[in-house]
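Student: Please take a close look at the helix packing in this model. I would like the angles, the handedness and the residues that meet.

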Amino acid sequence: MISCLESFDSSSLKSIPPSLVDGQWPTALAPMQDVTSLPFMKVIAKRGAPDFFFTEFFRVHANSRIDPEILSAVTENPTDRPVFAQLIGENISDLRRTVKDLMAYPVAGIDLNLGCPAPRVFRKNVGGGLLRVPGRVSEILDMLRVEVDSLLTVKMRIGFEDDRFFEELLNSINKYEVNLLSLHARTVLGGYRSDPSYSHVSKAREFVNCPVLLNGNVSSSKSALFLKEQTGAHGVMVGRSAIRNPWIFRQIREAQSGVSIFRPTMKDVYQYIIDLYEALNKPALDEKKCVARMKKFLNFVGLSVDSDGGFLHEMRRSQNKTELLKVCSTYLIDHGNAEKCFSDEPFDGLVARPSSESKEGCHL
Ligand SMILES: Cc1cc2nc3c(=O)[nH]c(=O)nc-3n(C[C@H](O)[C@H](O)[C@H](O)COP(=O)(O)O)c2cc1C
């Protein structure tokens, strides 16, 4: 294969977009399937948008078409912040066709998913599975670098079962002049609950020529500043904690500026839930489905509501909107709770279920 570098004019490369506040390091909302769609973007933007958004992944295979719902996050972006379109797939010609289609829309760039841990996905050497075949990653990046005329970004884990190909993968990041690397500091087999290996973020930062966003368990503005400082990362990407606490990007900006940090009350959290319900609730959507969708978000919110997990327990059992909102008002508004502070960190011992991409949704 002829390397794209022979024909590629690197002077055409742009750098990543500037942060909202001059001089601050950037934050990004992690791509999350069924979460980082237009309704959630609208809700989070009101509470302090991240510097960059990533769509949930567009599936790419022989018969794939651009999913209009995912695309609406790009075409109806309610913020002035850039949105990167994430792709998951491994077939070069299907990926090329999808990139060409996406280039017709105002995407900030194309992001390649090298991290999805769902077995149905990785068995096909897609998402996190590609980390076992670094030669294939190199071929894909070679093609993407030619086709993507805006920014090319990669979101990856440190390896599949271990980090044996980490340097080889980072070499490809450099060779194909990737513009931004978001590193989820776990292996694919490490799932979502293993301890992140932040030393790999430091290593990537030293190794690659592009900015590195640290991803994995950034849980508060305090942890964001600490981990950014510890690893020398360019910025941070936040996933689950942004569902739990949609003010986190605002708080990280405030912490960087050294001003006092906004502390949401339980009443603010209640209003967030109401806004989210309204944003998700489309006329064609059955109430049960809307309630089921809300539960995916509340699974994370509930980690900071009460240390006993009563909210999570009752929320999961609610059958309709009335029952769901009753649980929310009981824990967030009634009994004098409204003015209490929402916990900055999740309570120990509570677990969100499901805590990741849905198995069916990852189906390629
Ligand atoms: C519900 C859910 C859906 C996810 N969907 C995607 C996805 O579409 N693409 C992707 O690259 N990562 C996806 N991830 C992984 C996140 O982007 C992120 O890497 C991971 O949650 C670690 O960051 P955190 O500790 O801040 O949550 C998903 C995670 C969750 C919890």
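Tutor: A crossing of two helices is right-handed if the near helix is turned clockwise from the far one by less than a right angle, and left-handed if anticlockwise. Keep in mind that this is a predicted model. Two packed helices are described by the angle between their axes and the distance between the axes.

Start with α8 and α10. Helix α8 covers residues 221-231, and helix α10 covers residues 248-257. Their axes lie 8 Å apart, at an angle of about 55°. Angles under 35 degrees count as roughly parallel, and those from 65 to 115 as roughly perpendicular. About 55° falls in neither range, so α8 and α10 are oblique to each other. Their crossing is right-handed. On the α8 side, Ser221, Ala224 and Leu225 make the contact. They meet Ile248, Gln251, Ile252 and Ala255 of α10. By class, that is five nonpolar residues, two polar and no charged. The polar pair is Ser221 and Gln251.

Now α3 and α5. Helix α3 runs over residues 92-102, and helix α5 over residues 134-147. The axes come within 10 Å and cross at roughly 25°. That is under 35 degrees, which means α3 and α5 are roughly parallel to each other. This crossing is right-handed. From α3 come Ile92, Leu95, Arg96, Val99 and Lys100. Facing them in α5 are Glu139, Ile140, Met143, Leu144 and Glu147. The contact has six nonpolar, no polar and four charged residues. Arg96 and Lys100 are the charged residues from α3, while Glu139 and Glu147 are those from α5.

Helix α5 also packs on α6, residues 166-175. Those axes come within 10 Å and cross at roughly 10°. Therefore α5 and α6 are roughly parallel to each other. Pro134, Val137, Ser138 and Leu141 of α5 meet Glu168, Leu169 and Ser172 of α6. This contact divides into four nonpolar, two polar and one charged. The charged residue is Glu168.

Next, the setting. The domain assignment gives domain 1 (17-257) and domain 2 (266-332). Their centres, taken over C-alpha atoms, are separated by 27 Å. Domain 1 gives 10 residues to the contact, and domain 2 gives 11. On the side of domain 1 that touches domain 2, α1 (38-48) and α9 (240-244) each supply two or more residues. That side of domain 1 has five nonpolar residues, one polar and four charged.

Last, the ligand. There are 23 residues around it. Ala30, Met32, Gln33, Gly239 and Arg240 come nearest. The shell divides into seven nonpolar, 12 polar and four charged.

Definitions and conventions:
Residues are numbered from 1 along each chain as its sequence is written. This is a predicted model: local features need pLDDT of at least 70, side-chain atom pairs count only at pLDDT 80 or more; totals for chains, interfaces and linings use all residues. Axes are lines fitted to C-alpha atoms, for helices over the stretch in contact, and angles run from 0 to 180 degrees between N-to-C directions. Helices (H or I, at least four residues) and strands (E, at least two) are DSSP runs, numbered from the N terminus. Angles under 35 degrees count as roughly parallel, over 145 as roughly antiparallel, 65 to 115 as roughly perpendicular and the rest as oblique. Two residues are in contact if their C-beta atoms, placed from the backbone, lie within 7 Å. Domain bounds come from an automatic or database domain assignment. A residue is near a molecule or strand if its C-beta atom, placed from the backbone, lies within 6 Å of it.
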